[in-house]
Amino acid sequence: VPIEDKIKYSCPIISNVMLIGDTKKFLSVLITLRVFINPDTLMPTNDLDENCKIALRNESIELNTITEAIENEKVLNMIQIAISKYNLYAVSNAQKVQKFKILSTDFSVPGGELTESQKLKRKVVLEKYKDVIDSMYN
């Protein structure tokens, strides 16, 4: 959790970070971006929230959706910088995050990834995004 928090708080477009590494060759992270939550369903949408858009505009990036952000080199670079900042303080190479993937949606209670108290259900995320995680290790 401290690693996740350090990465999350050093990049204002990030909503959630989940560290992957148990039984793996190196550490990686799954990242979700800040998005608009549908007030009726409480489901995250594909639309970036206003704070995320402002943070992107501050970097001269004009985007509106996760779909656009996932493939944007400047967005990937922003996240890589946040990870690199964390890696500067890692005690060993084993504690450095080497890869990341941006997920196509944020974690949510209706999506099953969060508890009612907003705690991450790690087992659910590991199962739900198994293919994405495996792609970082192949």
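Colleague: In what order do the elements of the protein chain run from the N terminus on?

Modeller: From the N terminus the order is α-β-β-β-β-α-α-α-β-α-α, which comes to 6 helices and 5 strands. Helices (H or I, at least four residues) and strands (E, at least two) are DSSP runs, numbered from the N terminus. Keep in mind that this is a predicted model, where local features need pLDDT of at least 70 and side-chain atom pairs count only at pLDDT 80 or more, while totals for chains, interfaces and linings use all residues. Residues are numbered from 1 along each chain as its sequence is written, and side-chain values use heavy atoms, with hydrogens and water left out.

Colleague: Thanks! What radius of gyration does the protein chain have?

Modeller: The protein chain has 15 Å, which agrees with the value near 14 Å for a compact globule of 138 residues. That radius is taken over C-alpha atoms, and the globule rule is 2.2 Å times the number of residues to the power 0.38. Along the principal axes, the C-alpha atoms fill a box of roughly 40 × 35 × 25 Å.

Colleague: And how much of the protein chain is made up of buried residues?

Modeller: Buried residues account for 41% of the 138. Here buried means under 20% relative accessible area, exposed over 50%, and partly exposed in between (1.4 Å probe, protein chains only).

Colleague: Switching to helix 2, which residues are buried there?

Modeller: In helix 2 (50-57), the buried ones are Cys52, Lys53, Ala55 and Leu56. Seen down the helix 2 axis, the buried residues fall within an arc of 160°, so they line one face of the helix. The arc is that of the directions from the helix axis to the C-beta atoms.

Colleague: Why would residues three or four places apart point the same way?

Modeller: Because an α-helix has 3.6 residues a turn.

Colleague: Good. What covers the buried residues of helix 2?

Modeller: The cover includes strand 4 (44-48) and helix 4 (73-88); contact means heavy atoms within 4.5 Å.

Colleague: What happens at the start of helix 2?

Modeller: A side-chain oxygen of aspartate 49 comes to within 3.2 Å of the backbone nitrogen of asparagine 51 there. For a polar contact, the pair of N or O atoms must be within 3.5 Å; within protein, one must be able to donate a hydrogen and the other to accept it, and residues adjacent in sequence count only if both atoms are side-chain atoms.

Colleague: New topic: which residue in the loop between helix 2 and helix 3 has a positive phi?

Modeller: Serine 60, with a phi of about 60° although it is not a glycine. Serine 60 is exposed, at 59% relative accessibility. Glutamine 118 also has a positive phi, about 70°, and is found in the loop between strand 5 (97-102) and helix 5 (122-128). Glutamine 118 counts as exposed at 52%.

Colleague: Last one, how many aromatic pairs are there?

Modeller: The count is 2, where rings of Phe, Tyr and Trp (its six-membered ring) pair if their centres lie within 6.5 Å; planes under 30 degrees apart count as stacked, over 60 as edge-to-face and the rest as tilted. One of them is the tilted pair of phenylalanine 107 and tyrosine 129, 6.3 Å centre to centre with 50° between the planes.

Colleague: Are those two buried or exposed?

Modeller: Phenylalanine 107 is buried at 3% relative accessibility, and tyrosine 129 is buried at 9%.
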